Amino acid sequence: MEENAPLEREDAQLIEVRTAAIPHVVPTLRTIVADIAMRQDFDLDAVEDLRMAVDEACSMLLPAAADGKLTCVFSWIDGRVEVTVSVLSDEADHGDDTGLSWQLLTALATSARRTVTPADGRYLSRVQLVRESEAARS
């Protein structure tokens with residue numbers, strides 16, 4: 001499987017979680033991102049936005065996980081948190097970017113993108129999101 005792309009700066013912190021693609025693990029992933037955001041001095045609203053964004057990203061990809069695995073990479077530095085959620089799927093198409101889940105995700109993150117790339121006869125489906133703290137934006 002192709003690796004997820006974390007922040008390119010060498011001094012960025014990184015956590016990678018590889019787990020079963022089941023709904024029961026999503027609360028753990030939400031807790032990880034909330035902890036990271038709090039340590040980066042995000043305000044409480046931004047922390048909750050990140051928690052919900054991770055939830056939405058996982059919800060979008062869980063049904064497509066052909067091998068039953070989900071990877072989530074968290075990277076952060078200087079008030080910026082990046083999260084990449086990915087699964088291997090059998091199909092390249094996982095819906096459009098106009099649905100309610102995608103609109104909610106893009107409203108909760110500073111930026112978000114969805115990619116699907118061929119990988120070993122399957123497709124690597126990814127949702128990447130970035131959230132910057134108010135301090136990082138100014």
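What percentage of the contacts in the chain between residues at least 6 apart in sequence join residues at least 24 apart? The answer is 67%, where contact means heavy atoms within 4.5 Å. The model is predicted: local features need pLDDT of at least 70, side-chain atom pairs count only at pLDDT 80 or more, and totals for chains, interfaces and linings use all residues. Residues are numbered from 1 along each chain as its sequence is written, and side-chain values use heavy atoms, with hydrogens and water left out.

**Exercise 1. Describe the chain as a whole.**

Solution.
Step 1. List the secondary structure: the chain has 4 helices and 5 strands. Helices (H or I, at least four residues) and strands (E, at least two) are DSSP runs, numbered from the N terminus.
Step 2. Read along the sequence to obtain the pattern β-α-α-β-β-α-β-β-α.
Step 3. Consider burial: 46% of the 138 residues count as buried. Buried means under 20% relative accessible area, exposed over 50%, and partly exposed in between (1.4 Å probe, protein chains only).

**Exercise 2. Describe how helix H1 packs against helix H2.**

Solution.
Step 1. Locate the helices: H1 spans residues 26-39 and H2 spans residues 44-61.
Step 2. State the geometry: the two helices pack at an angle of about 150 degrees, and their axes are 9 Å apart. Axes are lines fitted to C-alpha atoms, for helices over the stretch in contact, and angles run from 0 to 180 degrees between N-to-C directions.
Step 3. Identify the residues that meet: those of H1 include Val26, Leu29 and Arg30, and those of H2 include Val47, Leu50 and Cys58.
Step 4. Sort the contact by class: there are 11 nonpolar, 1 polar and 3 charged residues. Ala, Val, Leu, Ile, Met, Phe, Trp, Tyr, Cys and Pro count as nonpolar, Asp, Glu, Lys and Arg as charged, and the others, Gly among them, as polar.
Step 5. Examine one residue: Arg30, in helix H1, is buried at 18% relative accessible area. Not counting residues up to four places away in sequence, Arg30 touches Arg51, Met52, Val54 and Asp55.

**Exercise 3. Explain why Cys58 and Cys72 form no disulfide.**

Solution.
Step 1. Recall the bond: a disulfide is a covalent bond between the sulfur atoms of two cysteines.
Step 2. Apply the criterion, which is a pair of cysteine sulfur atoms within 2.5 Å. The closest cysteine sulfur to that of Cys58 is in Cys72, and no bond is counted because the distance of 5.5 Å is too far.
Step 3. Check the surroundings: Cys58 is buried at 0% relative accessible area, and Cys72 also counts as buried at 0% relative accessibility.
Step 4. Conclude with the whole structure, in which a search finds 0 disulfides.

**Exercise 4. Describe Asp78, Asp120 and Ala65 in their loops.**

Solution.
Step 1. Place Asp78 in the loop between strand E2 (69-77) and strand E3 (80-89). Its phi is positive, near 50 degrees, in a residue other than glycine, and Asp78 counts as exposed at 53% relative accessibility.
Step 2. Place Asp120 in the loop between strand E4 (111-119) and strand E5 (122-132). Asp120 is not a glycine, yet has a positive phi of about 50 degrees; at 74% relative accessibility, Asp120 counts as exposed.
Step 3. Place Ala65 in the loop between H2 and E2, where Ala65 is buried at 17% relative accessible area. Leaving aside neighbours within four places in sequence, Ala65 is in contact with Ala21, Val87 and Leu88.
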